[in-house]
Amino acid sequence: MIPHGITLSPMNNQLKPGRYKCPECGEWRDVIDPYVNPPRIGVQVIACGACGKETHAVRWTPEIDVSETLALMRELPALSVRQPWASSIVLCGKPVENRDWPDRYRDMQLAIVRRAGRFLIHAGKGWTNEERHDWQLFVSAHIPVKDLEPMRKLKFRDLPLGGIVGVARFASWVTDHPSPWFMGPGAIVMEDVRPLPFVACKGSLGFFRAECAPTLFPKL
């Protein structure tokens with residue numbers, strides 16, 4: 001049974017039953033038993049019963065357990081990093097986050113993160129084609145291909161924007177580092193980095209307290 005008028009193509013029968021968010025209208029829909037839809041052979045499509053629009057199945061967002069992310073948002077400061085650098089940290093082992101902070105501002109920010117010990121990694125909401133191009137030029141020149149394997153499986157359009165994507169432990173502030181990711185003039189060194197279930201929230205400059213609006217959660 002497919003409630004709410006959701007239909008899946010044969011290519012989507014690997015989709016697990018659960019709640020999914022329509023990328024067009026933002027409504028959450030239950031997918032209980034994916035089935036074969038013969039007229040759509042070979043096309044990965046989901047038709048939303050709310051707005052009636054058919055969209056590529058990979059654009060539908062599955063409902064996930066974000067309780068850990070929310071708990072950490074209440075405890076830790078966050079640092080916003082623009083994509084694709086944010087995903088480079090949580091997926092590709094980028095151990096440093098380069099910053100050009102004036103001395104007084106840097107000392108204030110480091111006091112915040114040293115007190116907390118760990119911090120959340122926030123993916124910025126916007127990016128440009130020029131930024132993507134610069135990232136590609138940089139990694140092709142400096143980063144081993146094997147380190148980029150997790151990113152090679154993704155398309156730029158699939159990278160999360162405007163929310164929490166990971167957590168890291170603050171190790172130190174350095175003005176030099178052996179990592180090829182280091183560009184300076186200074187950088188935060190991170191350890192014990194791991195991804196978190198994505199939660200959308202607004203970013204800010206420096207370390208900030210991440211807050212999530214209730215409207216960003218599925219309607220149950």
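This is a short talk on one protein chain, from its overall make-up to a few of its helices, bends and a pocket.

Good morning. The model on the screen is predicted. Keep that in mind throughout.

Start with the whole chain. How many helices and strands does the chain have? There are five helices and 12 strands. The chain has 220 residues, and 42% of them are buried. Now look at contacts between residues with a separation of 6 or more. Of these, 77% join residues 24 or more positions apart. Next, the surface. The chain exposes about 12200 Å². Carbon and sulfur atoms supply 54% of that area.

Now helix α3. This helix runs over residues 103–116 and has 14 residues. At 1.5 Å a residue, α3 should span 20 Å. Its end C-alpha atoms are 20 Å apart, so the span agrees. Which residues of α3 are buried? They are R106, Q109, L110 and V113. Seen down the axis of α3, these buried residues fall within an arc of 100°, so they line one face of the helix. Turn to the other side of α3, and R104 and R115 are exposed. What covers the buried residues of α3? The cover includes β9, β10 and β12. Right after α3 comes G117, with a positive phi near 85°.

On to helix α4, residues 129–142. This one also gets a length check. The expected span for its 14 residues is 20 Å, at 1.5 Å a residue, and its end C-alpha atoms are 20 Å apart, which agrees. In α4, the buried residues are W135, F138 and V139. Looking down the axis of α4, we find its buried residues within an arc of 90°, so they line one face of the helix. N129, E130, S140 and A141 are on the other side of α4, and they are exposed. Where do the buried residues of α4 pack? They pack against α2 and α5.

So let us visit α2. This helix covers residues 85–92, and S87 lies in it. Is S87 buried or exposed? Its relative accessibility is 4%, and buried means under 20%, so S87 counts as buried. Leave out residues up to four places away in sequence. S87 then touches C92, M151, L159 and P160.

Next, some backbone details. Here is the general rule. Most peptide bonds are trans, and most residues other than glycine have a negative phi. Now the cases in this chain. Q83 and P84 are joined by a cis peptide bond, with omega about 0°. P84 sits in the loop between β7 and α2. Another cis peptide bond joins G184 and P185, and its omega is about 5°. P185 is in the loop between β10 and β11. Then there is D192, in strand β11. D192 is not a glycine, and its phi is positive, near 50°. This residue has a relative accessible area of 57%; exposed means over 50%, so D192 is exposed.

Last stop, the second largest pocket. Its space is about 410 Å³. How many residues line the second largest pocket? The lining has 19 residues. Nearest the centre of this pocket lie S80, V81, R82, E97 and R99. β7, β8 and α4 each supply at least two residues of the lining. We met α4 earlier, with its buried residues W135, F138 and V139.

That is the tour. Thank you.

Notes. Residues numbered from 1 in each chain as written. Predicted model: local features only at pLDDT ≥ 70, side-chain atom pairs only at ≥ 80, totals over all residues. Heavy atoms only, no water. Helix = DSSP H or I, 4+ residues; strand = E, 2+ residues; numbered from the N terminus. Buried < 20%, exposed > 50% of the residue type's maximum accessible area, 1.4 Å probe, protein only. Contact = heavy atoms within 4.5 Å. Areas by Shrake-Rupley, 256 points an atom, 1.4 Å probe, with all protein chains shown as cover. Expected span 1.5 Å × (residues − 1). Arc of directions from axis to C-beta. 1 Å grid on protein atoms, 1.4 Å probe; cavity = no way out; pocket = protein on both sides within 12 Å on 5 of 7 lines; lining within 4 Å. Points joined across faces, edges and corners; volume = space filled by probe spheres on them.
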